Amino acid sequence: MPGSEHRTDSEILERTKRETKKPDLYKVVLLNDDYTTMDFVIEVLETIFHKQPAEAFRIMMMVHTQGKGLCGVYPFEVAETKVEAVVESARTSGFPLRAAMEPE
């Protein structure tokens with residue numbers, strides 16, 4: 001129909017733009033202590049963080065020589081779960097190994 005206009009009876013139709021926000025990420029680090037064995041640190045890196053043996057060894061050496069080593073970067077809930085898993089595994093095995101979360 002020529003000349004006809006589409007009206008919305010004074011309602012304004014808005015097109016909403018969906019925006020997906022990436023979650024904040026957190027670094028999980030292992031902290032050095034004087035009692036936890038190097039072998040146990042490697043085991044934690046391989047089992048909890050799924051690192052290959054060479055990578056686990058490299059991170060363990062960073063923990064040993066520099067006081068802490070980066071295990072991975074994860075969304076908050078995953079990082080929190082990894083930290084809890086490290087502490088639980090260490091306590092069960094009689095070690096004081098600690099892990100921490102740091103904002104990226």
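I take helices (H or I, at least four residues) and strands (E, at least two) as DSSP runs, numbered from the N terminus. By that reading His50 lies in the loop between α1 and α2. The model I am working from is a predicted one.

**Entry 1: His50**

I looked up the backbone at His50 and found a positive phi of about 55°, although this residue is not a glycine. I then checked its surface. A residue counts as exposed when its relative accessible area is over 50%. His50 has 61%, so I list His50 as exposed.

**Entry 2: overall layout**

I counted the elements and got three helices and three strands. Reading along the sequence, I wrote down the pattern β-α-α-β-α-β. The protein has 104 residues, and 29% of them count as buried. I also looked at how contacts are spread along the chain. Taking contacts between residues at least 6 apart in sequence, I noted that 73% join residues at least 24 apart.

**Entry 3: the sheet**

In what order do the three strands of the open sheet lie? I read the order as β2-β1-β3, with antiparallel pairing. β2 and β3 each have a single partner strand and stand at the edges, so each has one side without a neighbour in the sheet. I noted that neighbouring strands are turned against each other by 30° on average, direction ignored.

I went through the pairings next. β1 and β2 are joined in the antiparallel sense by seven bridges. On that side I found Leu25 opposite Pro75 in β2, and Val28 opposite Gly72 in β2. β1 and β3 also run antiparallel, with six bridges between them. There, Leu30 has Ala99 of β3 as its bridge partner.

I checked how well β1 is covered: five of its seven residues are buried, so I put this strand down as mostly covered. For the packing of α2, I noted that this helix lies across β1 and β2 and runs at about 125° to β2.

**Entry 4: the nonpolar core**

Which residues have the most contacts inside the largest nonpolar core? I listed Leu30, Val44, Leu45, Phe49, Val86 and Leu97, in a core of 23 residues. The elements that give two or more residues to this core are β1 (25-31), α1 (38-47), α2 (53-66), β2 (68-75) and α3 (76-92). α1 gives the most, with five residues.

I followed Leu30 further. Leaving aside neighbours within four places in sequence, I found Leu30 in contact with Val41, Leu45, Val63, Gly67, Lys68, Gly69, Cys71, Val86, Leu97, Arg98 and Ala99. Ala99 thus appears in my notes both as a contact of Leu30 and as the bridge partner of Leu30 in β3.

**Entry 5: Phe40**

I placed Phe40 in helix α1. Is Phe40 buried or exposed? The cut-off for buried is under 20% relative accessible area. Phe40 comes out at 5%, so I count Phe40 as buried. With neighbours within four places in sequence left aside, the contacts of Phe40 are Ser89, Ala90, Ser93, Phe95 and Leu97. I also took a distance to Met60, which is 20 residues away in sequence. From C-alpha to C-alpha, Phe40 and Met60 are 9.4 Å apart.

**Entry 6: helix α3**

I checked the length of α3. At 1.5 Å a residue, its 17 residues should span 24 Å, and the end C-alpha atoms are 24 Å apart, which agrees.

Which residues of α3 are buried? I wrote down Ala79, Lys82, Val83, Val86 and Ala90. Seen down the helix axis, these buried residues fall within an arc of 95°, so they line one face of α3. On the face turned away from the buried side I found the exposed residues Glu77, Glu84, Glu88 and Thr92.

I then asked what covers the buried residues of α3. The cover includes β1, α1, β2 and β3 (98-103). Two of these buried residues were already in my notes: Val86 as a contact of Leu30, and Ala90 as a contact of Phe40.

Last, I looked past the end of the helix. Gly94 follows α3, and I recorded a positive phi near 80° for this glycine.

How values were computed: Residues are numbered from 1 along each chain as its sequence is written. This is a predicted model: local features need pLDDT of at least 70, side-chain atom pairs count only at pLDDT 80 or more; totals for chains, interfaces and linings use all residues. Side-chain values use heavy atoms; hydrogens and water are left out. A nonpolar core is a set of buried Ala, Val, Leu, Ile, Met, Phe, Trp, Tyr and Cys residues joined through side-chain atoms within 4.5 Å. Buried means under 20% relative accessible area, exposed over 50%, partly exposed in between (1.4 Å probe, protein chains only). Contact means heavy atoms within 4.5 Å. The expected span of a helix is 1.5 Å times one less than its number of residues. The arc is that of the directions from the helix axis to the C-beta atoms. Two strands pair if DSSP finds at least two bridges between them. Axes are lines fitted to C-alpha atoms, for helices over the stretch in contact, and angles run from 0 to 180 degrees between N-to-C directions.
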